[in-house]
Amino acid sequence: MNWNFTQLSELFASDDKSKLLLDGNWGLEKESQRVTVSGDLALTAHPPAFGDKLENSEITTDFSESQLELITPPFDSVEKTYEYLERLQNVAENQIGDELLWPLSMPPRLPDEDKIPIARFSNTAEGKEKEIYRTGLALRYGKKMQMISGIHYNFSLGDKMFDYLYEQTGKGVQKQTFKNMLYFALIRNYLRYRWLLIYLFGASPSAHPTFYSTLDKELEKISKCCPECCISEDRYEQYSTSLRVSRFGYSNATPDNYTGYYNSLEEYSHGIRKLMATKSEKFSMLGVFRNGQQLQLNDYILQKESEFYSSIRPKQIVRNGDSQLNSLKKNGVKYLEVRILDLNPFERTGISLNQLYFLQVFMLFCLFEQSKPLSHTELEKVNKNHHIVALSGRKPGLILYKYNNSKITIKKWSTDIFRKLRAIALMMDQGMGGHTYEACIEKEHKKIIDPSLLPSAQIYTETRKNNESYLDFGIRRAIINKQPKKILGGKTSDK
């Protein structure tokens, strides 16, 4: 896209056009481990009240039988999405008996690898394929790695917003082609600036000792790829924001020369298909079959497209058993899946409405900014910023890499970005009336001025103030979060 921030801002300066900034659809997917009151992983079966995992589109499992996944439909406002997630949370809490939903992204106390239960499915072709795929993940990366949980934020521009952009800037380009180009321009800027989301919302500065063996392996890999990301092991908890996302890009099986494929839908699809068709020497040595039992779907770099770990994915609605890549090829990009959000233990649903407002503004910022193609050199800096903030984000005076070959402090760069976020928020408030988005930006900006307000810092401070272990903190927050909610007039309130 050839626009810059100022040019695109001017298109939405009037009252009637600023309303278009609120036009879109939003959905959420939340993963949580079921645990006992002692903080141990629950080894019970998926509650029968939720029905068949393949049939229930709203409450199912992710990797493990113990890992609930709550999925909202898409709604035309973040408020509706948030309220629906609250309702699903209530249903889930009511059906798990004395068990708790673990409120942190890093796992609870885990048993030995062989005792972690992989999700079980019905005896159908689809069910068997899902189980074998998960068995393959366990074989390739270990079960403990798969027990990390988070929230996925699904976002799409509304038809009115898209039509207006196409009318103003899409002349000479087929409409769906324009939409694909627009979403990939947004993806590239999201990748460039996602470090800000990690800083503001990272909530996994620590882990339970039963996860340390896995964490040590991943940190060793990161130290080789990004030595400036790393500090002494005993300081991670003090300065890290998100151990959960620190593994992305380094724990996956993609080759070292992988460049991301983010410059077009065609490049993305070709790249993923290549990874799905390229043999992996490492995974071949693990074997596809053993004693007549299938251990993984295949021995390619990716068993299937969902194994491609990225902090954001272009998505399309899949129908009639088709694949995601085929659906994208046929119908283009429908929405984007943001996969970088940690569970916020201080929020019952794992995410706040204020976070959803901020993400609305942030995604528009990524759309408004000029978005040149990503080179391999720039992508290296993009990924380094990601891991530096994930592992050392709260370190005083932290330095990041700008994409013009200069360096900048995280505070200075954040302040520069917030000026643009505030400008977008003011236009959004102009479109809806009130000060919702401006207030949201001001609240998040306070974290730049005072890092003690960051959720990662609050976890670190609270555990020390209360002399709590990682496990004690998680159990206490889980019990607090399980307090029943009463639904009143479409909104929820504490009893």
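At what angle do helix H7 and helix H15 pack, and how far apart are their axes? These close-ups of a predicted model start with that pair.

**View 1. Helices H7 and H15 packed together.** Here's the answer: H7 (residues 175–201) and H15 (residues 376–392) pack at an angle of about 0 degrees, and their axes are 8 Å apart. Angles under 35 degrees count as roughly parallel, so H7 is roughly parallel to H15. On the H7 side, look for Leu191, Arg192, Arg194, Trp195, Ile198 and Tyr199. H15 brings Glu378, Val382, Asn383, Asn385, His386, Val389 and Ala390 to the contact. Sort the residues of this contact by type and you get seven nonpolar, three polar and three charged.

**View 2. A look at H15 by itself, a mostly covered helix.** Of the 17 residues in H15, 12 are buried. Among them are Glu378, Val382, Asn385, His386, Val389 and Ala390, and you've already met these six in the contact with H7. Leu379, Lys381 and Ser392 are buried too. The helix also passes a quick length check: at 1.5 Å a residue its 17 residues should span 24 Å, and the end C-alpha atoms are indeed 24 Å apart, so the two agree.

**View 3. Helices H18 and H19 crossing.** Now for another pair: the axes of H18 (residues 455–465) and H19 come within 10 Å and cross at roughly 105 degrees. Angles of 65 to 115 degrees count as roughly perpendicular, so that's how H18 and H19 sit relative to each other. Ile459, Glu462 and Thr463 of H18 meet Phe473, Arg476 and Arg477 of H19. This contact divides into two nonpolar, one polar and three charged residues.

**View 4. Asparagine 481, a residue of helix H19.** H19 covers residues 470–481. Asparagine 481 has a relative accessibility of 7%, and since buried means under 20%, this residue counts as buried. Follow the side chain of asparagine 481 and you'll find that it reaches the backbone oxygen of proline 345 at 3.3 Å. Setting aside residues up to four places away in sequence, asparagine 481 touches Glu93, Pro103, Pro345, Glu347 and Arg348.

**View 5. Serine 414 in helix H16.** H16 takes in residues 410–432. With a relative accessible area of 1%, serine 414 is buried. Leaving out neighbours within four places in sequence, serine 414 is in contact with Trp195, Leu196 and Ile448. Trp195 should look familiar from the H7 side of View 1. Leucine 356 lies 58 residues from serine 414 along the chain, and their C-alpha atoms are 19 Å apart.

Key: Residues are numbered from 1 along each chain as its sequence is written. This is a predicted model: local features need pLDDT of at least 70, side-chain atom pairs count only at pLDDT 80 or more; totals for chains, interfaces and linings use all residues. Side-chain values use heavy atoms; hydrogens and water are left out. Helices (H or I, at least four residues) and strands (E, at least two) are DSSP runs, numbered from the N terminus. Buried means under 20% relative accessible area, exposed over 50%, partly exposed in between (1.4 Å probe, protein chains only). A polar contact is a pair of N or O atoms within 3.5 Å; within protein, one must be able to donate a hydrogen and the other to accept it, and residues adjacent in sequence count only if both atoms are side-chain atoms. Contact means heavy atoms within 4.5 Å. Axes are lines fitted to C-alpha atoms, for helices over the stretch in contact, and angles run from 0 to 180 degrees between N-to-C directions. Angles under 35 degrees count as roughly parallel, over 145 as roughly antiparallel, 65 to 115 as roughly perpendicular and the rest as oblique. Ala, Val, Leu, Ile, Met, Phe, Trp, Tyr, Cys and Pro count as nonpolar, Asp, Glu, Lys and Arg as charged, and the others, Gly among them, as polar. The expected span of a helix is 1.5 Å times one less than its number of residues.
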